[in-house]
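Student: Could we go through this structure together? Perhaps start with pockets, and with what the word is taken to mean.

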Amino acid sequence: PTITWESNPSFSTQEISSEMNVDLKVTSPNGIQSFVIKITSPDAAFTALLDVMVSEANSSAKNNGKVVLDLTSDVKVAAALKPFGVPTGTDLLYKTSVDFSLSSLVPMIGSVARTEGDYVFETTVTDRNGKSVVPSDSKIVRLNLSKKGGRSHSAAFFIDWHSRDYGLFAE
């Protein structure tokens, strides 16, 4: 599997803004089996908001402080993200190419979060062919959020592609 970001091909640090383009293209020649985003946030309110969007098994309390957005099989996540145009469930499952936009969601970090620090999104896509992609194919997207009063935040999206026949990537 591969990921491209046309407006930022080098995945360099970007300032979070209301007009920001975080339109990604996911390509998986053998089809997507699983698409999971693990989110770590220093902001308790932001984490609590995310916890409401996921099933109990995927909550921060059950995952060492990380909220797990299982986009392919958690129906609660699908219901929460569908209104924002984020592909979930059958929009992803077995697809070989998917447009994946975070443009409507990323600016919300600044409107909800009040705590300075890193907001980390670890994304793991698992495909159906059973081959692992080498670690050099991982990419980190850093987004910097400036708050009024000189406070700033940053968000890092860690994108890690794994090719496996089974569901979630085990750490």
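Tutor: On a 1 Å grid over the protein atoms alone, a pocket is an open set of points where a 1.4 Å probe fits, with protein on both sides within 12 Å along at least five of seven lines, and lining residues have an atom within 4 Å of a point. Grid points are joined across faces, edges and corners, and a volume is the space filled by probe spheres set on the points. This is a predicted model, in which local features need pLDDT of at least 70 and side-chain atom pairs count only at pLDDT 80 or more, while totals for chains, interfaces and linings use all residues. Residues are numbered from 1 along each chain as its sequence is written, and side-chain values use heavy atoms, with hydrogens and water left out.

Student: How much space lies in the largest pocket?

Tutor: The largest pocket holds about 310 Å³. It is lined by 19 residues, and Phe46, Leu50, Met53, Leu81 and Leu105 are the closest to its centre. Two or more lining residues come from each of β4 (32-40), α1 (44-52) and α3 (108-112), where helices (H or I, at least four residues) and strands (E, at least two) are DSSP runs numbered from the N terminus.

Student: How does that lining divide into nonpolar, polar and charged?

Tutor: The division is 19 nonpolar, no polar and no charged, counting Ala, Val, Leu, Ile, Met, Phe, Trp, Tyr, Cys and Pro as nonpolar, Asp, Glu, Lys and Arg as charged, and the others, Gly among them, as polar.

Student: Back to α1, then: which of its residues are buried?

Tutor: Phe46, Thr47 and Leu50 are the buried residues of α1, buried meaning under 20% relative accessible area, exposed over 50% and partly exposed in between (1.4 Å probe, protein chains only). They lie on the same side of α1 because they cover an arc of only 100 degrees around the axis, the arc being that of the directions from the helix axis to the C-beta atoms. Ala44 and Val52, on the other side of α1, are exposed.

Student: And what do the buried ones pack against?

Tutor: The buried residues of α1 pack against β4, β5 (67-70), α3 and β7 (118-127), with contact meaning heavy atoms within 4.5 Å.

Student: New topic: which residue between α1 and β5 should I look at?

Tutor: Look at asparagine 64, in the loop between α1 and β5, which has a positive phi of about 50 degrees although it is not a glycine. At 81% relative accessibility, asparagine 64 counts as exposed.
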